[in-house]
Amino acid sequence: VAEKKKAKIIFIGRDEACLVCTNLIGEYQKENASLALAAVNYLSQRDGFKLNKNKIKKVFERAKFPGRFDIRKINSKTVIFDGAHNPQKMEAFINSLIKKYPNKKFNFLLAFKKGKDYQEMLKIIILKTVVHKIILTSFFVENQDMINASVDPVEIGNLLNKMGRDGACPVCTKKYEIIPNLKKAWETILKEKELIVVTGSLYLVGEVFRLIKANK
């Protein structure tokens, strides 16, 4: 793509990414911050403007990205929100999740936008974490020319059943519940004792945030 666009490529090494001090949780957040810093540094050299390193340092130390490894206490429950919406982002999130909460069981509230590789994301969740329960739901989006933009949760449930039959996930068929109504799904998962994770789509996270705000 870069060759076609006649663009310059700059590679950021892992050692350089680790140099970024950020308040954000998750190794992938450090990588994202490093990319942003590299981009603005390149632009400053190209366009001849100076960077205020002290201001940049303060911004990174105070930065907060709602919906990306966003840990909140709701009804005395620990809930982790992350809008991971493709396999790469999901794997990065799950790796950081199990690193922060080793040997823990998780309850997942999941919904995926149509057109996304939800099959691969689901496999990452199932194979890498200790799942206590999965609630499959949906979200309704009217903006940006999208209506009913989420994958039918029944379709996702069928995949979990198939994974169970194929032996890829022997306990899958016993651990999930389909609750298409997001409000009801959210109220249901909040009753669980184990850690709660809301992921699969930024739209899902945004809709749950609206539910939380409405109940305040």
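**Figure 1. The whole chain holds 10 helices and six strands.** This is a predicted model, so every value in these legends is computed from it. Of the 216 residues in the chain, 41% count as buried. The accessible surface comes to about 13,300 Å², and carbon and sulfur atoms account for 52% of that surface. Now think about how the chain folds back on itself: among contacts with a separation of 6 or more, 69% are between residues 24 or more positions apart. Salt bridges are part of the picture too, and a search of the whole structure finds eight of them. The next views take us to some of these places.

**Figure 2. F93, L97 and F108 touch the most other members of the largest nonpolar core.** This core has 31 residues. Which elements give two or more residues to the core? They are the helices α5 (87-100), α6 (118-128) and α7 (153-165), together with the strands β3 (105-110), β4 (130-136) and β6 (195-199). Helix α6 gives the largest share, six residues. A second, separate core of 22 residues is found as well, and V79, A149, L204 and I212 are among its members. If you are wondering about the general pattern, nonpolar side chains tend to be buried together in soluble globular proteins.

**Figure 3. F108 is in contact with residues from many places along the chain, including I94 and T199.** Here we leave aside the neighbours of F108 within four places in sequence. What remains is a list that includes L97, I125 and T129. The contacts of F108 also include V131, K133, I134 and I135. Further along the numbering, I189 and V197 are on the list too. Keep K133 in mind, for this contact of F108 comes back in Figure 5.

**Figure 4. D82 and R68 meet in a salt bridge, with 2.6 Å from N to O.** D82 sits in strand β2, which covers residues 77-82. R68 is in the loop between α4 (53-62) and β1 (70-74), so the pair ties together parts that are 14 residues apart in sequence. Are these two charged partners buried or exposed? D82 is buried, with a relative accessible area of 0%, and R68 also counts as buried, at 9% relative accessibility. The side chain of D82 has another partner to look for: one of its polar atoms lies 3.0 Å from the backbone nitrogen of A84.

**Figure 5. E192 and K133 meet in a salt bridge, with 3.5 Å from N to O.** E192 is in the loop between α9 (182-189) and β6, while K133 is in strand β4, so this pair ties together parts that are 59 residues apart in sequence. Both partners are buried. The story has a third character: salt bridges that share partners join K133, E177 and E192 into one network.

**Figure 6. The side chains of R46 and D47 meet in a salt bridge at 2.9 Å, N to O.** How accessible is each partner? R46 is exposed, with a relative accessible area of 53%. D47 counts as partly exposed, at 45% relative accessibility.

**Figure 7. Six residues, I10, I12, L35, Y42, L43 and F49, make a nonpolar surface patch of about 480 Å².** Look for I10 in the loop between α1 (2-5) and α2 (14-17). I10 is partly exposed, with a relative accessible area of 44%.

**Figure 8. F140 is in the loop between β4 and α7.** F140 is partly exposed, with a relative accessible area of 41%. How far apart are the C-alpha atoms of F140 and N181? They are separated by 9.6 Å, and the two residues are 41 residues apart along the chain.

**Figure 9. K6 and N103 have positive phi values.** Most residues other than glycine have a negative phi. Phi of K6 is near 55°, and phi of N103 is near 60°. Where are they found? K6 is in the loop between α1 and α2, and N103 is in the loop between α5 and β3. K6 counts as exposed, at 80% relative accessibility. N103 is exposed too, with a relative accessible area of 82%.

Terms used:
Residues are numbered from 1 along each chain as its sequence is written. This is a predicted model: local features need pLDDT of at least 70, side-chain atom pairs count only at pLDDT 80 or more; totals for chains, interfaces and linings use all residues. Side-chain values use heavy atoms; hydrogens and water are left out. A nonpolar core is a set of buried Ala, Val, Leu, Ile, Met, Phe, Trp, Tyr and Cys residues joined through side-chain atoms within 4.5 Å. Buried means under 20% relative accessible area, exposed over 50%, partly exposed in between (1.4 Å probe, protein chains only). Helices (H or I, at least four residues) and strands (E, at least two) are DSSP runs, numbered from the N terminus. Contact means heavy atoms within 4.5 Å. A polar contact is a pair of N or O atoms within 3.5 Å; within protein, one must be able to donate a hydrogen and the other to accept it, and residues adjacent in sequence count only if both atoms are side-chain atoms. Patches are made of residues with over 30% relative accessible area and no salt bridge: like charges are joined within 9 Å, nonpolar side chains (Val, Leu, Ile, Met, Phe, Trp, Tyr) within 5 Å. Accessible areas come from the Shrake-Rupley method with a 1.4 Å probe; for residues, only the protein chains shown count as cover. A salt bridge is a side-chain nitrogen of Lys or Arg within 4 Å of a carboxyl oxygen of Asp or Glu.
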